[in-house]
Each structure stands twice: as C-alpha cells, then as structure tokens.
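Please look at the sequence and the model shown here, and follow the explanation that comes after them one step at a time.

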Amino acid sequence: MRTLAFDGRMGASGDMLLGALLSAGADRDALSPVEDALDVRYDVETVDKNGIAATSVRVLIDDADGSRRSATDDADPDSDDRGDESDAEPGHKYHLGHSHDHDQSHNHTHADHAHSHTHADPDHSHGDHDSGATPAEGHGPHRTYAEVVEIVESMGLPDRVESDATAIFRRLGEAESTVHDTDLDATHFHEVGADDAIADVVGVALLLDDLGVERVVTTPLATGGGTQGMAHGDYPIPAPAVVEIATDAEWSLRGGPVDAELLTPTGAAILAHVAEGVDALPALTVDAAGYGAGGYDFPDRPNVLRAIVGDGGDRLDREAITVLETNLDDATPEVLGNLQSTLQAVGALDVSVLPATMKKSRPGHLVKVVVKPEDAERVARRLAFETGTLGIREHGAGHRWVAEREFRTAVLEIDGERYEVPVKVASDADGTVYDYSAEYDAAAAIAETTGLPAREVMRRAESAVRDGE
C-alpha cells in the first residue's frame, strides 16, 4: 500500500505541508487550479535549515501592477473596503484578504487580532523571492464557513479534492464555534478564512491527490511551548483551536521541544482529516522523502517537516468506531433475540449479548453494540426504546481493523441440477485474500433440497470460488 508518513517532531503548518509534499515528489503544476481561481501564486524555493535542504513555500498576491506581495501583507488599516465576493461573476478571480495561519512563524491566534511573537525569533531569511514581497504583518477579513466553502466549490476541483478541502474547513469551523460557543453557520473565520489559508488547504489536497497515496500517517505532533499573546492576555501554546481539533484526530499531541508555536490550526485540521496516528514511523520500502521548511530558525535543530513516501506493506483497513453497552436484568429472550435486526437497521455494525451477574446476584445480560461514531446517538436511542434500559454507556474504542469484503457466486452441480451459493471473500487493503466463507442460509436451503449436509455444501462452494481465483 502506497503510504505517506509525516515526522511530526517539529509540528506542522500549511506551508510546511505544502513544502514537504512538493519535496517528496508532488508535481508543482498540480497547484495550478488554485492559481487560476485566486489572485495568488505559490513561491517555491529551496532553503537551508541547519544543514537540511528544505522546500519553502509562500503564497503571494498578484497586484494590479504585476508585482507580487505576500498573501499575508496587511491591507490598508484605515480602509473598510474588504470586497464583496458574493457578487463575483463566474470565471472571475476571488480576492479573499490576508492571513497568517499558513506560516509557522507569523501565526496569529484565530480568536483575535493581536499580533504575537513567541519566544524563538521568527525566521525572516526567506528573502524577497519576488519584488514587492514584504513580511507578513497584517490581518485578514472575517469570513463565514459557508463563504469559504462557496469559494472552494467555485474552483472546479476534482471531486475528491473538493471533498477533502471542505471537510478540513469544516473541522476548522467546528473548532472555532466550540471555542467561541457559537453556531457553525454564525462563526466567522479570521486568518484561516483568507486567501493564503485557502491556498494552503486546497493546495495540500491537490498535492496529496497528485501523489496518489492510499494511506497517510503521522507520528505525535509537537505543539511547541510558551505563551502567545491574545486580546485578553497571554495564553499557553497550543492554541485553543488546535486542542479542539485534536479531540477528533487519530494522532496525539506532544509538547515542546522549543518555546514557539509549532502546530498551527490549519496544519492540525489538515492532518486531522487525512492522517492516522502512529507512535513511530511504520515499516516502509522508501520511494521518496522530502522536507518542508518551517518559519523559525533554531540554533540546535532543523525546523522542518519530513515526509516519506513508500510501500507500507499489507494491512487491513482502519475504521472509526465507538462501543455502546448496557446491563439488562429484565429483558425477555424475545427482546434480546430481536436486537440484532432492530439495531442493525439503524446503523449498528455488530451486536453481542453476553450473560452477566447483576446486582443482588440476579442473572442478567450485557449488551454491547459496535457502531460508527456518527450513528451512536441514533442506535443508543433505539436500544433504549427496545429494551427499556435507563442508561447506556459509550466507550470511545477509536477504531477497528476491518477486511475488504465482497461476495462471489459459486455455481454447484449436484445430481444434474445447478445451484448458486454466495461466498464472502475477505482480503486486506492490498487485495491479498485470506478467507472464504459461504453463506449458511443459502447452503442450508440447498442441503434441504439435495440431502447433503449443509457443511458439505459450504465446503464445495468455498472450494469452487477459491479454485476459480
């Protein structure tokens, strides 16, 4: 399985992800849909980070006079004219304002407009790659989640890329709405709703699609440390939005190793959507590796995000799940026997009923239900109504490993008659088959007609499919 592994020991930001993917072999031309749709250009160059040749990416705005400036340059602070993209005609480029979240060294808190410098000195060594490029010192306009999605959907992206980009912005929007106690539709993005952040998110989605990886993993992500200035005083790193995003991510956070903000909300949201968490880099047959440059320079370590692309070997698919359970001491056998069908009808993946000893030593049952997180509330309600239980516990199991499954039809000839038996074939994500299982009900029906044992019908059906491979 083609796997992309990130080494998160120096955190991640939008520009670092772009740089790492380009350095690992993604095609620079894959970014053209963003440049065609927005008044921006990606400025890409190789820089030195403590002896590591890393790819630096900046998002520049095309000015009317043909010069370029950083997408994070400040607009006129005395002007209230922020444009009205709602009236933009089809085919016209959107100009979305300015943002700092993409840059690890110039990040602002998403909750206010106070500029912040952390304890490490930001790296200003990128230089003026194009005339007119200036340091990022401004702030972006407020945009709603719906406005950002509308802009992304107007770009004519491939379906998968558009889906990934909008899902990432939804994570950002939900994090902000939770932090500020607002509804998602009423939540205004600050920095992460501007053109450079959109260029980061959509750009990463395009580069991932170009690489054609089937699995993305990351080691624990370093957040940095220290404090960051906000409107109401200093606040410890990581930023509230990063913590909120991490609650729904499959990877873990790690403090340090320096006092600076290393993991930005945009970087966290992208990886929360695309990456699984691993404790260490997995076994890979390496095809390519690359480094994305971060904004800071540190005297004792290269500030880079490493990306490794290679064959990750055979594995099962990973599926997010949660587990519901309840204790019952007064359910009838009929109710218990019906739970499989009634709960699966509303989304349960698996239902188990186990004997248990209840309070006062009374016999009872433990009901355990495996369900996708998004279906948990609906299944729990049906479980309560079916059994009359007064309480249902939820255990965040995280995920389960599942096989790829497909049904193939075995054709058996018995006493001159032809019979069809569905056979379930299980394989890993790379297509390696490891089990064949004939459907019992179909085999039992044939057994009743032919007089053969059901297990013999199942054996013949499984052999027929296996031999036909």
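A residue is called buried when its relative accessible area is under 20%. With that cut-off in hand, we can turn to this structure, which is a predicted model, and begin with strand β14, which covers residues 304–311. Six of the eight residues of β14 are buried, so this strand is largely enclosed by the rest of the structure.

The next step is to see which strands pair with β14. Strand β1, made of residues 2–7, pairs with β14 in the antiparallel sense over six bridges, and within this pairing D7 has R306 of β14 as its bridge partner. Strand β13, residues 285–293, also runs antiparallel to β14 and is joined to it by eight bridges, with V286 standing opposite G310 of β14.

Further along the sequence, strand β19 (residues 404–414) and strand β20 (residues 417–427) pair in the antiparallel sense over eleven bridges, and here V411 has E420 in β20 as its bridge partner. Two residues lie between β19 and β20, which form a hairpin, and in its turn D415 has a positive phi of about 55°.

From the strands we can move to the nonpolar cores. The largest of them has 63 residues, and L4, F6, L21, V34, V202 and W251 are those with the most contacts inside it. Helix α5, residues 195–211, supplies the largest share of this core, ten residues. Apart from this core lies another, of 17 residues, which include V423, A438, A454 and V465.

To look at one residue of the largest core in more detail, take W251: leaving aside residues up to four places away in sequence, W251 touches T218, L221, A246, A268, L271, A272, A275 and G277.

Conventions. Residues numbered from 1 in each chain as written. Predicted model: local features only at pLDDT ≥ 70, side-chain atom pairs only at ≥ 80, totals over all residues. Heavy atoms only, no water. Buried < 20%, exposed > 50% of the residue type's maximum accessible area, 1.4 Å probe, protein only. Helix = DSSP H or I, 4+ residues; strand = E, 2+ residues; numbered from the N terminus. Pairing = 2+ DSSP bridges. Core = buried A, V, L, I, M, F, W, Y, C linked by side-chain atoms within 4.5 Å. Contact = heavy atoms within 4.5 Å.
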